[in-house]
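Visitor: Please give me a close look at the salt bridges here, and at the surroundings of one of them. I would like to follow each step of the reasoning.

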Amino acid sequence: MDATPTTHPHPNPHHDNALPLPQLVEARLAQDPKLTDGAKALVREALGAAEDDTGGTGGAGGTGGAGGTGRAGESHAPARPVYLGKITVTGFRGVGGEARLNLRPKQGVTLVVGRNGSGKSSIAEAVETLFTGTNAHGAGQHPSHAVRWRNLHRGEQTAVEARLTVEGDPSPSTLTRTWTGDTFAESRAVLRRPGHGTVPLEQVGWEQATRTYRPFLSYVDLGNLINGKPAQMYDNIAAILGLDHLNAAVRRLTAARKELDAAVNAEKEKKPLLLAALEGVGHDDRAVKALLAMEEMEEKDGGPDYATLDALIAGVPTADEGRLREARLEAAAEGPELDRVGVAVDALRHALADVEDLKGTVAADAHSRAQLLQAALSHSDRHADDTACPVCGTEQVLDREWASRAEAQIAALLREADAVREAEAGLRTATRAVHDLVLPPREVPAVLGEPWRAWSDCRRITDPAELAERALRAAVTLADACEVVARKAGEELAALDERWRAVVGLLAEWTRLSRQVAAEKSRRTETNAALTWIKKLTTEIRDLRLDAFAEHTQRIWEKLRRQSSVDLKPVRMHGSEKATVRKLVMDVTVDDAEAPALSVMSQGELHSLALSLFLPRAATADSPFGFVVIDDPVQSMDPAKVDGLAQVLDELGRDRQVVVFTHDTRLPHAFRGQGLPVTVLKVERGERSKVDVTDGTDPVSEAIGDALALARTPNCPDAALRHVLPSLCREALAIAIVEAAWLRRSRTGHSADALQAAIDRTDRLVPLASFALFDDGLVHHDDEVRSRLRALYGGESTTLIHQCQRGAHPDGFLPHDPVAFVRKVEDLAHRIRKQEGNV
C-alpha cells in the first residue's frame, strides 16, 4: 500500500474551508485518489474517536439524539443551530425569586440593560452555567464559598432553565440545571427535546463545543483573552480555529503508530539477541532449525516458518536426523525386563529337565511304541489295499483285525505315556514364553544395534537347550548396555535442554513480535498514510482558518478602533499544539512604528482587541450555537468605539442571536443613533433580590406609542393624521411582519442572507408579509397573501394594511377614529408577532 504523502486536490480551498469540519474532511477524502480505502477508514475512525475524546463535535456534523434516555457516550447534539428563548433563573447569585428573560429565538441583537447590582450579570452567568456547569465566578470555588452562587434570600432552591429553539424542530426544547448539594459542582442538567426524549447534558455532545466555540464572554473572560499566559492565548485561538478534533485525531493516529512501531522496534531489538543466543547453544539441532526457520524471511516473501518455530517453542519433536533425535532415542532406550527373562529361562530349564528325566522309562518306551503303532496305523489307513508289513514284508498281516488290535494297544500305551506328553507340552510352552519376551522396538539406537541383534536372534532359536543358554546372557548384556547408554544420553540431553531453555523464551517472544509485525504490516502502512494525510490537512486548514480569522479580526478591529492611531497587524501563531514554547503574536503599529500590542494599547483598546479575537468564533460554521452571550463588553470604551461596537454586534446579529448584558446606556443609544435594529430589555432589582426584566424600547411598542400620542393630540393637523399616523402604524406592522418572517425562517432553515436580501428589496407590506406567512421564502402574489391574511387574522387585517400603506401616498389616509385605528393596528401587530396561525 502507498504510504507516501498525499495531496488534497480541491479547486476552491476557501469554499471547502467554509464547510463544517466533518463535511470538509469527507470532501477532501473523496477528492484524494491516492489514499487507500483502509487509510481513509482510519482517518474516519480517528476523527470519530476524537469526537468521543473531546465530548462530541456538537457541530453541524453532529447526530441528532434518539428517543428515550440515551446511552453513555452517545451524542444527542442537534444537527442545526440552537437559539435561546425564555430564560428562567431562580436562587442564583443576585437573583432571588424566579426571574424571566424573554428572548426571541432568532438572529438579531438584544441588549439587556441594567445598573450595576441589578442582577443582569447574574442572569448572564446563569445562562453560561446552564450550558457549561461553571462560570468565571463559580469555577474552582471551595464549598465554603457557596454563598457566592446561592442567593442569600432564596437559596433553598437554585435552578436555571432555558427554552431552546433548534432550527428545523417543530417545537422548542428545554434545558434545565438544578443544584442538589451544597457545592457549586453538585448540579445536574438535562435536555428535553420533543421527539428525542430526555438526556443528561453530558450526553448531548456540547461539552467540547462550549470550549471550542465559546458562545459566552464575561468580563473576566475578556481580560483572560489578552492578559493570559502566551501558551494560554495560543490555546484560546487554536480552540477558536476549531482544530481540536483534527489535533485529537492526529494524537490518536500518532499513538496508534507509536504502538505499531513499538512492536517493530521490539522485534528488531530482540532479533540480534536471539541470533547470538542460538549460536551460543552449541550442537543443538533445535537451534539450527530455529535459525533456518527465521531465515525463511530472507529467502521468500512468506515470512518466517512459524509452524517450525511454534513446534520448537512447544517442545514438539520435529522430523530430523540429527544428534538431538538420536540422543532422545538413546535416552528412551529400555532393555528387556531381567526378572521376567530370568523366570522364563528358569521355567524353560525346568521343562527341559522334566523331558530329560522321562527318557528310558516305561512311560518313555510306551510313548515310543505308541508313536510307532500310530505311524503304522496311519500307513495302513493310507494304503488300505496293501496288507503286507512295510518293514518285514510279511503278507496278510496288516488286516482289519490287526488294525483293531493296534488301536486298542495304542490307547493302552498312550495312557502309560501321559507323563511324557505333558513334559513335552510344558517344554513347548516354556520355549514360547522366552520367545515372547523378545520384542524389538520400532527404532533401535545405533549404539545398541549389536546387543539388540543378539537378543532378537533368540526368537529364532528352536533348540530349548540352546535358547536357555543364550537368552539370559543376551538379555543381561542388552539391559546393561541400555542402562549405560540411556544414562549418558540423558546427561547429554539435560545439558542441551538447559542451554535451550535459556533461549526458548527469547525465541517465543521474538516469534510473537515477528508474527504481530507481519500481521500489522498493512495497518502500519495505512496508519502512516492516514497520519501524514491528516497532519497535512490540519496544517492547511489551520492556515486557511487563521487567515480567515485574522481577516475577520482585522475587520472587527477597524470598526472598534475609532479615533485610535493603533493599526493591528495580522495575528500569527508561533509554535504548535505540543510545543513547549507557543504563543500568539499580536503586533501593532502606532503611527507607523511597530510595537507589541499589549505594551502600547490602552485598556479600552485592549478590550476592543479582545472582542476582535473572541467574536470570529461565533461565525464558525462548525458551531452548534446560534447565539452569543456577552457580559459588559463596553468597559473602558470611548463613545467612538461604542458606536463601532454597535456596528460589529449588528453585523454579527445578521447571522447569530446576540445577547449583550450591559450597564452602559451608551450602547443602546449607539444602536438607535445609527439606525441599527435592536431589542432592548431592562433589568431591575427590588427587595429580597427580586429581579424583573421588562421591555425597554420595543420597536413595535415604540411606534404604536408614538402613533397613540399623535392620535390623542388635541387639534392635531389633518396632514399629520393623514400621513404621519399611518406611517407610524405601517412601521409597527412592518417590524412585526419581519419578526414573524425570521421566526418562520428559523423553523424552515432557509438561508438567512437570502431572507435579509429579500426583505431589503421589498417595500410594500403585502409582499413583505409573504415571508411571515409561507415556508418557501418567496414573494407570493398579492391576492394569495391577502387571502392568507384574512384567513389568519380576519378580513379587517388587509384593510388595515392597505390604510397604513396609503399614508405614503399624496392623499394619505385619515382615520375616522385615530385612537381606535391605532389600537386595531396594535392588536394586528401583536397577533402577527405571536404567530398564532403560523406555527
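Guide: A residue is called buried when its relative accessible area is under 20%, exposed when that area is over 50%, and partly exposed in between. Please keep in mind that this is a predicted model. Side chains of opposite charge can pair when their charged atoms come close. The structure holds 23 salt bridges, and we can look carefully at some of them.

Let us begin with Arg460 and Asp457, which form a salt bridge whose closest N and O atoms are 2.1 Å apart. Asp457 has a relative accessible area of 29%, and it is therefore partly exposed, since that value lies between the limits of 20% and 50%. Its partner Arg460 has 60% relative accessibility, and so Arg460 counts as exposed, because that value is over 50%.

In another pair, the side chains of Glu26 and Arg44 meet at 2.8 Å, N to O. This salt bridge links distant parts of the chain, with Glu26 in helix α2 (residues 21–31) and Arg44 in helix α3 (residues 37–53), 18 residues apart. Glu26 has a relative accessible area of 35%, so it is partly exposed, and Arg44, with 38%, is partly exposed too.

The pair whose surroundings we will follow is Arg193 and Asp169, whose side chains meet in a salt bridge at 2.9 Å, N to O. Here too distant parts of the chain are linked, because Arg193 belongs to strand β6 while Asp169 sits in the loop between β4 and β5, 24 residues away. Both of these residues are buried, which means that each has a relative accessible area under 20%.

Strand β6, where Arg193 is found, takes us into a sheet. Strands of a sheet pair through backbone hydrogen bonds, either parallel or antiparallel. This sheet is an open one of 6 strands in the order β2-β1-β4-β5-β6-β7, with antiparallel pairing. At its edges are β2 (99–102) and β7 (197–200), each of which pairs on one side only, and the twist averages 20 degrees from one strand to the next. Strand β6 (residues 187–193) pairs with β7 over 4 bridges, in the antiparallel sense, and Val190 stands opposite Pro200 in β7. Finally, helix α4 (residues 120–132) lies across β1, β2, β4, β5 and β6, and runs at about 100 degrees to β5.

Conventions:
Residues are numbered from 1 along each chain as its sequence is written. This is a predicted model: local features need pLDDT of at least 70, side-chain atom pairs count only at pLDDT 80 or more; totals for chains, interfaces and linings use all residues. Side-chain values use heavy atoms; hydrogens and water are left out. Two strands pair if DSSP finds at least two bridges between them. Helices (H or I, at least four residues) and strands (E, at least two) are DSSP runs, numbered from the N terminus. Axes are lines fitted to C-alpha atoms, for helices over the stretch in contact, and angles run from 0 to 180 degrees between N-to-C directions. Contact means heavy atoms within 4.5 Å. A salt bridge is a side-chain nitrogen of Lys or Arg within 4 Å of a carboxyl oxygen of Asp or Glu. Buried means under 20% relative accessible area, exposed over 50%, partly exposed in between (1.4 Å probe, protein chains only).
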